[in-house]
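Here are my notes on the model you sent round. They are in numbered points so that you can reply to each in turn.

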Amino acid sequence: MSDNRFVTDEQIRLMLEARGRHGISVADLVASVEGTIEQTTQVPHELLRARWWRAVAATAFASVAIIALLVAGPKLWPSIHDLHITTGGLTEPALEAGRYRPTMFDPPITFSVPAGGWAPAVDLSAELQLRRVRPGEEARPDNGALTIVRINNVMTGACGYNGNVPWTAGADSPHAFLAWLGGQLPLGQGAPRAVTIAGKQALEISFGAPVDFRHTCDYGFLLTDVGTSGDPHWVEIPVDGREVRLQVLDLSGQPVLVMTEGGKLNWYDEAAATADEVISSMSFEEIR
Amino acid sequence: MAIDDDLVVRARAGEIRAFEALFEARVAAMLRLAAAIVGNDDAGDAVQQASIQAWRELPHLREVDRFDAWFGRILTNSCRAVLRSRRRRQVREVPVASLDEATGIKLSARSSPSPAEQTSEVDVLSRAFDRLSADARVLLALHHLEGRSLAETAARSGISIATAKWRLHEARTALERALELERR
C-alpha cells in the first residue's frame, strides 16, 4: 500500500509493534496452558470412531462402482472433477466444461458448468460459491455469483460494535427461513414461488433492496454464520440495490439456500440465465 | 519429515509433550499478535483459549503441514471471541508506558513534534485502533504486524483475496475515521 495517506503503513506497523510488546510472563502462561492441557481430553476424530463402519461402506461402494463401470461402460459415467480452490478465491481460473464435485461443501453436490463461464470462489463445509466469468473477462467479484449455503443459523439482531452478532438456530424450513427474512429485509409483497431444484421442492423469491435501504451491518445483510469450531465465517445478502434471487430448498429438514446475484454492475438477467444452467444440473446427496 | 511435522503427528495422536514443544516454540509470537489485537490485558486469555482449543481439536487436523495456518486461525478467532465477549464497551486506556518505548513516530504531517507530542500521537493511534471491530483489527495485525501477504491474510481469515483487499481498505479507512474522533 502507498504511504501517501493520512496514516501510513509504517505508522500502523509501529503502533502494532508497540501494542505487541506485552508485559505478560511467558513462563507463567506456558505453565498455565500446559497444566490445563494435562487435564483436557482431545476430541476424537469421527473417522477414528467410525473407522470400521467407513471401511465397510467404502469397500461396498468401491465394489458397486467397479461393477457399474464394467457393466455400463465409461460413457455412462462421465468423469467428475474435484473442485480445487488454491488461491483463496478471486484468482482461480474459470472452470473448463465438465462436471464438478466440491471437496468441502456438505451436503455433497455435483454440478456441471459450461466452458469458461464460472470460476470457483468459496468451498467451505456450508458455503459454496462460483463467480460468473463474462466472455473475454477474468473472474471478478462484481460480475455476479452463484452461492449455495446450508442455513445453520440466522442472526437475531443488529450487527453490533466489534462485530458482535447474535445468532440462533431455527428457520428450519424454507417457509420459516423466508418468513424470518421477510421480517428483516424489504422482500416485497409477492409470495414465494414454488419451484423444483435438483428434484427437491423449493421456494423462490427475487428482490432488490431499495438503494436508500439502510442496514446495520458493514458489508451487507448478515444471513448466517457457516463457520465451524468457533471459526466464524459469515454469509451475506447484498442489499445495495442489485437484484438477488433466493431459492430455498428442503434437504431432509435442512434448508439450503441457492442465491443468484447479478453483481454490482447488475447483469442480473445474464447471470441468472447462466446460473440456471448450473442449477438445473445440480444433484444433491444427503447431508453427511 | 520435518521436526515440526513429526511433533504435530505425535501431538495429534495425543502426546502431550509433543504439543507442549509446538506451543512453546510459538507462544512468544502468539502473545505478540494477540496483544496487538486485543491489548495487553486480554492477550494471555486469548492465547490460552486458543492453545487449549487447538489441543482438543488437533485430531481433526488432516494436513500436518498446515498446522501453523490452522493454529493461527484458531488464535485470531480466539482474539475475536475475547473482543466480542467484552460487549460494546468504552474505549479503554492503553498503558502509555508501553507505548513510550515504541518509537518516536509522528502520526500527522506536522513537522518536528516534541517527544511528548510523539508519545501522545502513538497513544492516540492505538486508542483509535481500539475503536475498530475485531475483524478489522485482525486483518490489520496480520498484514501490517506479521507482514503477511494479501493471499496469506485472506487464507488466515477464511475469506477470498478480493474480500481481504476490500476489508483491509475498509479497516484502514475506519482507523483513519477513529483517529479523527480521537483527535477531537
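The points below take confidence first, then chain A, then two helices of chain B.

1. Confidence. This is a predicted model, and the predictor gives the complex an ipTM of 0.82 and a pTM of 0.48. Chain B has an average pLDDT of 79, with 79% of its residues scoring at least 70. Within chain B, confidence is highest in helix H2 (residues 16–38), at 95, and lowest in helix H5 (residues 96–100), at a mean of 33.

2. The weak stretch of chain B. Over residues 87–113 of chain B, pLDDT stays under 50. For that stretch the model has 52 contacts beyond four places in sequence.

3. Chain A overall. Six helices and 15 strands make up the secondary structure of chain A. Of its 288 residues, 33% are buried. Among the contacts in chain A with a separation of 6 or more, 51% are between residues 24 or more positions apart.

4. The four-stranded sheet. Chain A has an open sheet with the strand order E1-E2-E3-E15 and mixed pairing. Strands E1 (80–83) and E15 (283–284) of chain A each have a single partner strand, so they stand at the edges and one side of each lacks a neighbour in the sheet. E1(A) runs parallel to E2(A) (residues 98–102), and four bridges join the two. Leu83(A) is placed opposite Pro102(A) of E2(A).

5. A cis peptide after E2(A). The loop between E2 and strand E3 (109–113) of chain A contains Pro107(A). The peptide bond joining Asp106(A) and Pro107(A) is cis, with omega about 20°. Most peptide bonds are trans. A check of this bond would be a reasonable item for the discussion.

6. The E9–E10 hairpin. Strand E9 (residues 193–197) of chain A is hardly covered, as the count of buried residues among its five residues is zero. Five bridges connect E9(A) with strand E10 (residues 200–208) of chain A, and the two run antiparallel. Ile197(A) faces Lys200(A) of E10(A) across the pair. The two strands form a hairpin with two residues between them.

7. Two positive phi values outside glycine. Which residue in the turn between E9(A) and E10(A) has a positive phi? Ala198(A) does, with a value of about 50°, although it is not a glycine. Ala198(A) counts as partly exposed because it has 18 C-beta neighbours inside 10 Å, where 20 or more would make a residue buried. Ser252(A), also not a glycine, has a positive phi of about 55°. Ser252(A) lies in the loop between E13 and strand E14 (254–261) of chain A and is exposed, with 10 other C-beta atoms within 10 Å. Most residues other than glycine have a negative phi.

8. Pro174(A). This residue lies in helix H5 (residues 174–182) of chain A. Is Pro174(A) buried or exposed? With 25 other C-beta atoms within 10 Å, Pro174(A) is buried. Leaving out residues up to four places away in sequence, Pro174(A) touches Ala202(A), Leu203(A), Val248(A), Leu249(A), Asp250(A) and Pro255(A). Pro174(A) and Leu257(A) are 83 residues apart in sequence, yet their C-alpha atoms are 8.5 Å apart in space.

9. Arg242(A). The loop between strand E12 (234–237) and strand E13 (243–251) of chain A holds Arg242(A). Arg242(A) has 20 other C-beta atoms within 10 Å, so it is buried; the cut-off is 20 or more. The C-alpha atoms of Arg242(A) and Gly262(A) are separated by 6.7 Å, with the two residues 20 apart along the chain.

10. Helix H7 of chain B. For the twelve residues of H7(B) (residues 134–145), a rise of 1.5 Å a residue predicts a span of 16 Å, and the end C-alpha atoms, at 15 Å apart, agree with this. Twelve of the twelve residues are buried, so H7(B) is largely enclosed by the rest of the structure. Among them are the charged-type names Asp135(B) and Arg137(B), as well as His143(B) and His144(B). After H7(B) comes Gly147(B), with a positive phi near 70°.

11. Helix H8 of chain B. In H8(B) (residues 150–157), the buried residues include Thr153(B), Arg156(B) and Ser157(B). Gly158(B) follows H8(B), and its phi is positive, near 70°.

Key: Residues are numbered from 1 along each chain as its sequence is written. Chains are lettered from A and ligands numbered from 1 in the order in which they are written. This is a predicted model: local features need pLDDT of at least 70, side-chain atom pairs count only at pLDDT 80 or more; totals for chains, interfaces and linings use all residues. The expected span of a helix is 1.5 Å times one less than its number of residues. Two strands pair if DSSP finds at least two bridges between them. pLDDT is the predictor's confidence in each residue, from 0 to 100. Two residues are in contact if their C-beta atoms, placed from the backbone, lie within 7 Å.
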